[in-house]
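Me: I have a model open and want to know what stands behind the words used to describe it. Please take the terms one by one and show the reasoning.

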Amino acid sequence: VKLDGIGDYVLFRNFIEILRKDERYKGYKFTLCASLAVKSLACETERDTIDEFIWVDNKRFYSNYFYRFRVLRDILRKGFEIVIHPTYSREYIADKIVKASKAPVRIGNAGDSVNVAAGLKAEFDGYYTGLVNTESDGRVMKFEFHRYKIFFETLLNKKIDIARPFINLAGDGCVSRFVPDADKPYAVVFPGAMLSDKRWSHEYFAEVCDFLAEKYSLTVLIAGAKSDEEFASKIIEKSKSGKAINIAGKTKLFELAALLAKASVLVSNDTCAVHIGAAVDMPGIVCVFKGNHFGRFVPYPPEVFKNLHCVFPQELEKNINNYEYLERKYLFGSELDINSIAADKVKKMIAEIMGRAVK
C-alpha cells in the first residue's frame, strides 16, 4: 500500500523488487495499491515486479461515500494474505484500506502523527498485526529513503545493498517530441507545487529562464502538471528571451523522467521533479526550498546523491551547518517566505553547476 505523493513513491519504489526477490515472498502474487497520481510512472517501471495494480483517487476517497465503499469492498474481496504499508507518516485512507483488507498479516510503519491526530493514530495502530519501528538511531529526522531501507531491512531481517533510489529507463524516444533540436543541450524548469507557499514566483522563474537561455544558449522546457499550464504561461509572458517552451500538462511521468535524464540542469520547487531528477542521475538540480520537513525529503545526503543543490531563505541558510537544529525547527513545516529567495542566488547555483559541467 503506497498512497502518498509522487516524490514519496520514487524514494520507495526500488524496494518492491527487493521484496519480490526475497526467498520468503518469491511465490506470491504482488498487488500495488497506490495513488492515481503515480499511475503513468508505476505502470511503466513496475511491469516486471507488480502483477496487479489498484489505483485510488485520494480526493474522491475522502469526498465520495460510494467511491470509498467500493474501494474498500473490492480490497476485501481480493482476499489478500499479507498487506505491507511502509509509509512513516501514515494517514486515514491507507490505514482504512489496511483494515478493510482483513488480511491475516498486516504490517505497517510505527511512524508519527504528522498526518493524523495522536488519538486517532493510536486507534489506527490497532489495524495492524505488526508495526516496524524505524527510529533506532534516535535522530529527529531521517532522510525518507533511509527510513524505507530500515523498514525493509527489519521486515526481511537482512541488510539491503542499495545506496540510492534509481529509475532505469527503457529508452528516451520521447525527447525529440518536446525538444525542437534534441541534439542540443536543454534545461528543464518545474515551477509547480502542491501547496502555493512552496511555489516560487513566476517573475523569478522568468528571470532564471532568461539566464539559462542567454548565458548558456539552452532551450528551456517549462514542465509540470495540467494545473501548472497557466502558471507556466505567466513565466513565458514575463520572460524576455522568448526561448522557453511550455510543456506543462503534456508529459506523462515516465516521459518527464526521460526528459530529465538528458537535460543539462533542472530548476524546481520542492516537488516530485527533484526526486525523479535524482533517480535518473541528472548532472545538476537546483531546488528552491523554504525548509518544510528539512532533511526528510530534501536536502539529499551527499552519499545518496550529490548533484542536488538547495537554495534557502536567509534565515535558514545561516544555520545550515546545524542540521539537528533545522530538523527540529522545521519538523512540521516552515513559515519562511519562499519568495525571500532572490533569483540571483539561484542563478549563482546554476553557474556553479554549469561551470563543473564544462570542466
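Me: Which residues of α12 are called buried, and what makes them so?
Reply: In this predicted model, the buried residues of α12 are Leu253, Glu255, Leu256, Ala257, Ala258, Leu259 and Leu260. Buried means under 20% relative accessible area, so each of these residues falls under that cut-off. Helix α12 spans residues 253-262, and seven of its ten residues are buried, which is the ground for calling the helix mostly covered.

Me: Where does α12 lie?
Reply: Helix α12 lies across β6, β7 and β9, and runs at about 130 degrees to β6.

Me: What is the order of the strands in the sheet of six, and which are its edge strands?
Reply: The order is β8-β7-β6-β9-β10-β11, in an open sheet with parallel pairing. The edge strands are β8 (244-246) and β11, since each pairs on one side only. Neighbouring strands of this sheet are turned by 20 degrees against each other on average, direction ignored.

Me: How do you know that β6 and β9 pair?
Reply: Pairing requires at least two bridges between two strands. Strand β6 (residues 186-190) has four bridges to strand β9 (residues 265-269), and the two run parallel, so they count as paired. Ala187 has Val265 as its bridge partner in β9.

Me: What makes β10 and β11 a pair?
Reply: Strand β10 (residues 285-288) is joined to β11 by four bridges; the cut-off is at least two, so these parallel strands pair. Leu308 in β11 is the bridge partner of Ile285.

Me: Why is β11 said to be covered on both faces?
Reply: In β11 (residues 308-311), Leu308 and Cys310 lie on one side, His309 and Val311 on the other, and all of them are buried. This fits a general pattern: side chains of a regular strand alternate between the two faces of the sheet.

Me: Why are α10 and α11 called oblique?
Reply: Helix α10 (residues 202-216) packs against helix α11 (residues 229-238) at an angle of about 55 degrees, with the axes 8 Å apart. Roughly parallel needs an angle under 35 degrees, and roughly perpendicular begins at 65. The angle meets neither, and therefore α10 and α11 are oblique to each other. Their crossing is right-handed.

Me: Which residues make the contact of α10 with α11?
Reply: From α10 come His202, Glu203, Phe205, Ala206 and Cys209, which meet Phe231, Lys234, Ile235 and Lys238 in α11. By class, this contact has five nonpolar, one polar and three charged residues.

Me: What makes α5 oblique to α6?
Reply: Helix α5 (residues 65-78) and helix α6 (residues 92-101) pack at about 40 degrees, their axes 8 Å apart. That angle makes α5 oblique to α6, because only angles under 35 degrees count as roughly parallel. The crossing of α5 and α6 is right-handed.

Me: Which residues of α5 and α6 meet?
Reply: Arg68, Val71, Leu72, Ile75 and Leu76 in α5 meet Tyr92, Lys96, Ile97, Ala100 and Ser101 in α6. They divide into seven nonpolar, one polar and two charged.

Me: How do you know that β4 and β5 pair?
Reply: Strand β4 (residues 105-109) shares three parallel bridges with β5. At least two are required, so β4 and β5 pair. Asn109 stands opposite Val132 in β5. Both strands belong to an open sheet of three with the order β3-β4-β5.

Notes: Residues numbered from 1 in each chain as written. Predicted model: local features only at pLDDT ≥ 70, side-chain atom pairs only at ≥ 80, totals over all residues. Heavy atoms only, no water. Buried < 20%, exposed > 50% of the residue type's maximum accessible area, 1.4 Å probe, protein only. Axes fitted to C-alpha atoms, helices over the stretch in contact; angles between N-to-C directions. Parallel < 35°, antiparallel > 145°, perpendicular 65-115°, else oblique. Left-handed = near helix turned anticlockwise from the far one by under 90°. Contact = heavy atoms within 4.5 Å. Nonpolar A, V, L, I, M, F, W, Y, C, P; charged D, E, K, R; others polar.
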